[in-house]
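User: Could you take a close look at one part of this model for me? I'd like to hear how a helix pair in it packs, plus a word on another helix if there's room.
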Amino acid sequence: MPKRLRVGVLTGGGDAPGLNAVIRSVTKSLILRHDAEVIGIEDGFLGLIEKRIRPLAYGDVSGILTLGGTILGTHNKANPFSYFKRGGADVSAEVIKYTKSLGIDAVVAIGGDGTMSISAKLQSRGLNVVGVPKTIDNDIVGTSRTFGFDTAVSIVTEAIDRLHTTAQSHQRVMIIETMGRYAGWIALHAGVAGGADVILIPEYEYDLAEVVKVCRNRESFGRSFTIIVVAEGAKAVGGGLTVDRTLEDSPDPVRLGGIGRVLQLGLEQHIKSEVRTTILGHVQRGGTPTAYDRNLASVFGSYAAKLVEDGQFGRMVALDEGQITSIPLDSVANRTRTVPTDSPVLQAALAVGTSFGNPDLEFTLERVGTMA
Ligand code: F6P
């Protein structure tokens, strides 16, 4: 009798809504369509280093479609090429040997760019890996969407809506700081959906004087409240990133945070209105995924199962112009997909007079002023 296909599944890096939907989809597809055995690997690559695995049966992944987090656990320091518990030792050979000793034909690695980079290296050393792109930041190259992003945008949009009404009641300037690392997708999409007056993203350095101008302009029209959405990676012209902390032993040690407060302190010196800051933080990553993310995660999961069945290893599932496809894992590693100037959402924001704090991008502020 031919050997049954045996597939490992892991979730790596930070969590994102929709991870469980992928685990469910890939596991059920592999079992139903391919009669495969599925092995759950705990806490990302740490499970392969520390030999923590468990079988995943059909019933184990039932009822998890709508759950946030990951039933397998995840880890953002687990890198077989630099194992943090052994002073950064390369334990990849042990990991590959152990995985093969389990009879695992391929590993489906669900994660962000860090997970994809590790996967690409493992693949080049002979371990079969298929990647599934995850991150609320939507910044993985080669795919126009990652699951988790839509949920994060919904959460941020709801927060903006709620802050909008209280900003209006008190005539305050409200700053909302979002996640997103070095890309402004979350701030841009939620800012536009929430009708923000100013959106500051890492792709375009902002000039404090431009933001002051927007607040003052609104004050002069009797609208003393202003909604400013700032991405954690935004930078003032000539300034640097605002770093919250540095995590020892992490492959990606820098944690951004605090730009909202920096902006607040700057604005307070120049405008009359009271300024308040809300840092949304990990609330953007928690809880139940939206319907869009559940669907995208389900599609990605079943496509990953098909790639495994077809022996298409070393590839990452991707969404390209509405089509589900796959791209080489090594084309993704160590790169970030940022917001381009021709983004339709960015252009739509500019068209309605939203400020990005950057005169090079703006053409509408003066016009809006004279039309009011
Ligand atoms: O990549 C997802 C993300 O939430 C980023 O937006 C954020 O900068 C980072 O992870 C936070 O990481 P951690 O949860 O390790 O602090």
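Analyst: Here is a walk through one helix pair, followed by a single helix elsewhere in the chain.

Keep in mind that this is a predicted model. The pair is H5, residues 149–170, and H6, residues 185–193. Their axes lie 8 Å apart and meet at an angle of about 50°. Angles from 35 to 65 degrees count as oblique, so H5 and H6 are oblique to each other. The crossing of H5 past H6 is right-handed.

Who makes the contact? On the H5 side you've got Phe149, Ala152, Val153, Val156, Thr157 and Ile160. H6 answers with Trp185, Ile186, His189, Ala190, Gly191 and Ala193. Sorted by class, that contact of H5 with H6 has 9 nonpolar and 3 polar residues, and no charged ones.

Now for H3, which spans residues 92–101. Ser92, Val95, Ile96, Tyr98 and Thr99 are its buried residues. Because they cover an arc of only 165° around the axis, they end up on the same side of H3. Flip to the other side of H3 and you find Ala93, Lys97 and Ser101, which are exposed.

What does the buried side pack against? The buried residues of H3 pack against two helices, H2 (46–49) and H4 (113–124), and against two strands, S3 (53–56) and S4 (106–111). After H3 comes Gly103, with a positive phi near 75°.

Key. Residues are numbered from 1 along each chain as its sequence is written. This is a predicted model: local features need pLDDT of at least 70, side-chain atom pairs count only at pLDDT 80 or more; totals for chains, interfaces and linings use all residues. Side-chain values use heavy atoms; hydrogens and water are left out. Buried means under 20% relative accessible area, exposed over 50%, partly exposed in between (1.4 Å probe, protein chains only). Helices (H or I, at least four residues) and strands (E, at least two) are DSSP runs, numbered from the N terminus. The arc is that of the directions from the helix axis to the C-beta atoms. Contact means heavy atoms within 4.5 Å. Axes are lines fitted to C-alpha atoms, for helices over the stretch in contact, and angles run from 0 to 180 degrees between N-to-C directions. Angles under 35 degrees count as roughly parallel, over 145 as roughly antiparallel, 65 to 115 as roughly perpendicular and the rest as oblique. A crossing is left-handed if the near helix is turned anticlockwise from the far one by less than a right angle, and right-handed if clockwise. Ala, Val, Leu, Ile, Met, Phe, Trp, Tyr, Cys and Pro count as nonpolar, Asp, Glu, Lys and Arg as charged, and the others, Gly among them, as polar.
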